[in-house]
Amino acid sequence: LPSTLAMPTEENNLGSSWQNIRRMQIGLKSSMFPGCSTLGDLWSRAAKLWPDERCQGTREILDHFTELQPNGRKFKKVVLGQYKWQSYAEVDTRISNFSGGLIHSLGVRPGEESGDRIAIYSETRAEWLIAAQACFRLGIPLVTLYATLGEDAIIHGINQSEAKFVVTSDELLGKLL
């Protein structure tokens, strides 16, 4: 059908992954680098190639204040310090530690088909990337929930994704609870 843009990758299985029809016709390359078929594999490759290179920069919040806008709305502003960088090796260690905690402390069962699902409900931040990469490494299905969502949307996202665990920030924990 000319109006059909995507089809399931497994015939007669609407629950399987879907793929752009044009990509199916021309063939989809499964990996750009040998031995790297997942996002977790790609991260591991980068960490091995560039262990001492700068990878992740964060900035300390030095001050924060609320600015009143002309329309009457309040806008939160922050004053940030200089970037502090971590190397690929340092970030990789954090990912390994978080992955181990998911398995050994929380009992998360990895596996795309029969494992647990995790939702990340957080602002975009260094810890968000650590949690996402840990899920990629372990093959844990992951859903992200925007920090700006209201209660009903958060509940809907967790229920629809069937997430058994939620990773969040201290600032959003009250809203999540």
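## A first walk through the chain

A119 stands opposite V143 in strand β6. That pair is a good place to begin a tour of this predicted model, since the strands around these residues can be described from both sides.

**Strands β5 and β6**

Strand β5 covers residues 118-121, and β6 covers residues 142-145. The two strands run parallel to each other and are joined by four bridges. What happens on the two faces of β5, and which residues lie on each? Both faces are covered: I118 and I120 are buried on one side, while A119 and Y121 are buried on the other.

**The overall picture**

Stepping back, the chain holds six helices and seven strands. Following the sequence from start to end, you meet them in the pattern β-β-α-α-β-β-α-β-α-β-α-β-α. The C-alpha trace spans about 55 × 45 × 35 Å along its principal axes. For 177 residues, a compact globule would have a radius of gyration near 16 Å, but this chain has 20 Å.

How much of the chain is buried? Buried residues account for 23% of the 177 residues. The accessible surface comes to about 12900 Å², and carbon and sulfur atoms contribute 53% of that area. As for charge, the chain carries 19 positive and 20 negative charges, and the mean positions of the two groups are 5 Å apart.

Contacts also tell us how the sequence folds back on itself. Taking contacts between residues at least 6 apart in sequence, 57% of them join residues at least 24 apart.

**The hairpin of β3 and β4**

Now look for strand β3, residues 54-68, and strand β4, residues 74-87. They pair in the antiparallel sense over twelve bridges. One of the residues to look for here is R59, whose bridge partner in β4 is Y83. Together β3 and β4 form a hairpin, with five residues between the two strands. In the turn sits G72, which has a positive phi of about 95°.

K74 belongs to β4. Is K74 buried or exposed? K74 counts as exposed because its relative accessible area is 69%, above the 50% cut-off. Beyond its neighbours within four places in sequence, K74 is in contact with T66, E67 and L68.

**Two buried helix residues**

Helix α3 spans residues 88-105, and S99 is found in this helix. Helix α4 covers residues 126-138 and contains Q133. Both residues can be checked against the cut-off for burial, which is under 20% relative accessible area. S99 has a relative accessible area of 5%, so it is buried. Q133 counts as buried too, because its relative accessibility is 12%.

What surrounds these two residues, once neighbours within four places in sequence are set aside? S99 is in contact with A134, R137 and L138. Q133, for its part, is in contact with L39, W43 and I95.

**Exposed residues in the loops**

Three loop residues complete the tour. N12 is placed in the loop between β1 (6-8) and β2 (18-20). It has a positive phi of about 60° although it is not a glycine. E162 is found in the loop between α5 (151-161) and β7 (165-168). Phi of E162 is near 60°, again a positive value in a residue other than glycine.

The third, E113, has its place in the loop between α3 and β5. How far is E113 from S161, counted between C-alpha atoms? The two are 48 residues apart along the chain, and their C-alpha atoms are separated by 13 Å.

The table gathers the accessibility of the residues visited above.

| Residue | Relative accessible area | Class |
|---|---|---|
| N12 | 77% | exposed |
| K74 | 69% | exposed |
| S99 | 5% | buried |
| E113 | 76% | exposed |
| Q133 | 12% | buried |
| E162 | 56% | exposed |

To find your way back, start again at A119 opposite V143, go on to the hairpin of β3 and β4, and then turn to S99 in helix α3 and Q133 in helix α4. From there, the loop residues N12, E113 and E162 can each be located by the helices and strands on either side.

Terms used: Residues are numbered from 1 along each chain as its sequence is written. This is a predicted model: local features need pLDDT of at least 70, side-chain atom pairs count only at pLDDT 80 or more; totals for chains, interfaces and linings use all residues. Side-chain values use heavy atoms; hydrogens and water are left out. Buried means under 20% relative accessible area, exposed over 50%, partly exposed in between (1.4 Å probe, protein chains only). Contact means heavy atoms within 4.5 Å. The radius of gyration is taken over C-alpha atoms; the globule rule is 2.2 Å times the number of residues to the power 0.38. Accessible areas come from the Shrake-Rupley method with a 1.4 Å probe; for residues, only the protein chains shown count as cover. Lys and Arg count as positive and Asp and Glu as negative; His and the chain ends are not counted. The place of a charge is taken as NZ of Lys, CZ of Arg, CG of Asp or CD of Glu. Two strands pair if DSSP finds at least two bridges between them.
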